[in-house]
Amino acid sequence: MTKIKIGIVGSGGMARHHLARFSPMETAEVVAIASRNQRTGTQLAAAHNAVFIPEWHRLVQREDIDGIVICTHNDSHGEIILEALQVDKHVFVEYPFASDVGEGEAALRIAEERGRVLRVSHPEVVSNTHKALKQKIGELGDLLLTSFVRLTPGRGARPEILFNLPVSGTPTHFFIYHIYPIVDFFGGASSVKKSAVYEGLKENGQYDRFVNTLTVEFKRGGIGQWTWAGGVAINASEEHERYVLTEGTISDAGDEWHCTTPAGVTPISIPDSPQLTLQELWLSEIRDAADQPPNLEDARVALEAIRISLASE
Ligand SMILES: NC(=O)c1ccc[n+]([C@@H]2O[C@H](COP(=O)([O-])OP(=O)(O)OC[C@H]3O[C@@H](n4cnc5c(N)ncnc54)[C@H](OP(=O)(O)O)[C@@H]3O)[C@@H](O)[C@H]2O)c1
């Protein structure tokens with residue numbers, strides 16, 4: 001089988017994460033790595049026997065590459081995707097895949113026109129838990145309310161990047177991975193309201209601590225609420241999630257999910273069948289794209305999630 005040739009943009013945490021998965025695969029070969037960071041870029045390229053290219057435009061234009069994996073900061077994803085799709089590359093991009101709705105729509109349109117795979121790194125598509133929850137939600141009637149709360153203590157490895165409005169967008173944008181699954185369950189929103197507090201906000205858009213809340217009405221009915229607080233004094237990250245539907249409520253309880261109905265409380269069983277990795281899925285979609293148009297449904301859900309995260313600004 002001919003190997004699918006891959007180019008990676010970025011040489012930070014997620015680039016290393018994807019490389020660790022692609023490198024051992026017999027069906028793929030990482031040909032080149034582009035990053036503006038000469039030190040981490042050359043190290044990573046040498047470790048994986050790949051060519052280092054300082055400038056991502058040159059990587060995207062290479063004719064010996066089938067697919068581009070985009071692992072840069074949020075502010076550059078859209079631009080790199082558009083250029084890659086325009087020269088007929090398949091794309092695998094870290095979320096959020098655009099920082100502008102027009103950019104996201106253009107990416108979907110070009111991917112469709114050119115029959116290219118556009119996969120965003122939302123893992124729900126390969127998650128047994130997400131599939132089991134989606135099925136259970138489908139059995140419990142209409143949505144009344146979904147609520148999600150996340151408290152994050154520290155500021156991560158690169159706080160100047162993450163807690164930075166121009167580079168990463170608002171917390172609703174970089175926490176889009178908590179909006180995406182709920183949009184996959186309940187569809188898009190008809191209205192969005194937001195409130196935000198940023199402490200220590202500087203002129204360059206960096207800040208020390210935030211509280212963001214987001215409330216949406218879904219087009220299909222029901223309310224969604226998300227709350228995020230970051231840089232707060234708690235020991236470890238906390239998350240709480242609820243889906244209140246007309247026939248029952250689903251709640252997270254540690255590592256388990258429970259469903260409460262008038263008949264009582266029952267655990268939701270999650271099958272432990274083997275899951276494809278996102279990287280394996282992307283490679284199989286690239287192979288399939290030779291014979292049939294790629295399925296862009298997941299990218300459409302990702303764009304609906306982006307509409308919510310950006311509408312909240
Ligand atoms: N899927 C997940 O589970 C997950 C988890 C965390 C993050 N993410 C997402 O993954 C992306 C990368 O996060 P990360 O944690 O890997 O960040 P990171 O460690 O800071 O790495 C980002 C890399 O991209 C490079 N870069 C940034 N902008 C660039 C540009 N315009 N042109 C060329 N190179 C550029 C950076 O270079 P410098 O060293 O010069 O800055 C760095 O090498 C973000 O969008 C983030 O939201 C996803």
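Which side chain has an N or O atom 2.8 Å from a nitrogen atom of the ligand? Select Glu94, whose side chain supplies that N or O atom, as a polar contact (a pair of N or O atoms within 3.5 Å; within protein, one must be able to donate a hydrogen and the other to accept it, and residues adjacent in sequence count only if both atoms are side-chain atoms).

This is a predicted model, in which local features need pLDDT of at least 70, side-chain atom pairs count only at pLDDT 80 or more, and totals for chains, interfaces and linings use all residues. Residues are numbered from 1 along each chain as its sequence is written, and side-chain values use heavy atoms, with hydrogens and water left out.

Staying at the ligand, select next the backbone of Met14, where a polar atom lies 2.7 Å from a ligand oxygen, and then that of Thr72, where a polar backbone atom is 3.3 Å from an oxygen of the ligand. The protein buries 77% of the 920 Å² that the ligand exposes when taken alone (Shrake-Rupley method, 1.4 Å probe). Widen the selection to the 19 residues around the ligand (a heavy atom within 4 Å), of which Met14, Asn37, His73, Asn74 and Arg158 come nearest.

Now colour domain 1 (4-123 + 276-295) and domain 2 (128-267) separately, with bounds from an automatic or database domain assignment. Their C-alpha centres lie 27 Å apart, and the contact (heavy atoms within 4.5 Å) takes eight residues from domain 1 and 10 from domain 2.

Between the two domains about 790 Å² is buried, 66% of it from carbon and sulfur atoms; buried area is the accessible area (1.4 Å probe) that two parts lose on being put together, summed over both. Select His73, Asn74 and His122, which supply 55% of the area that domain 1 buries against domain 2, more than any other three residues. Across this interface there are three residue pairs in polar contact, both residues at pLDDT 80 or more.
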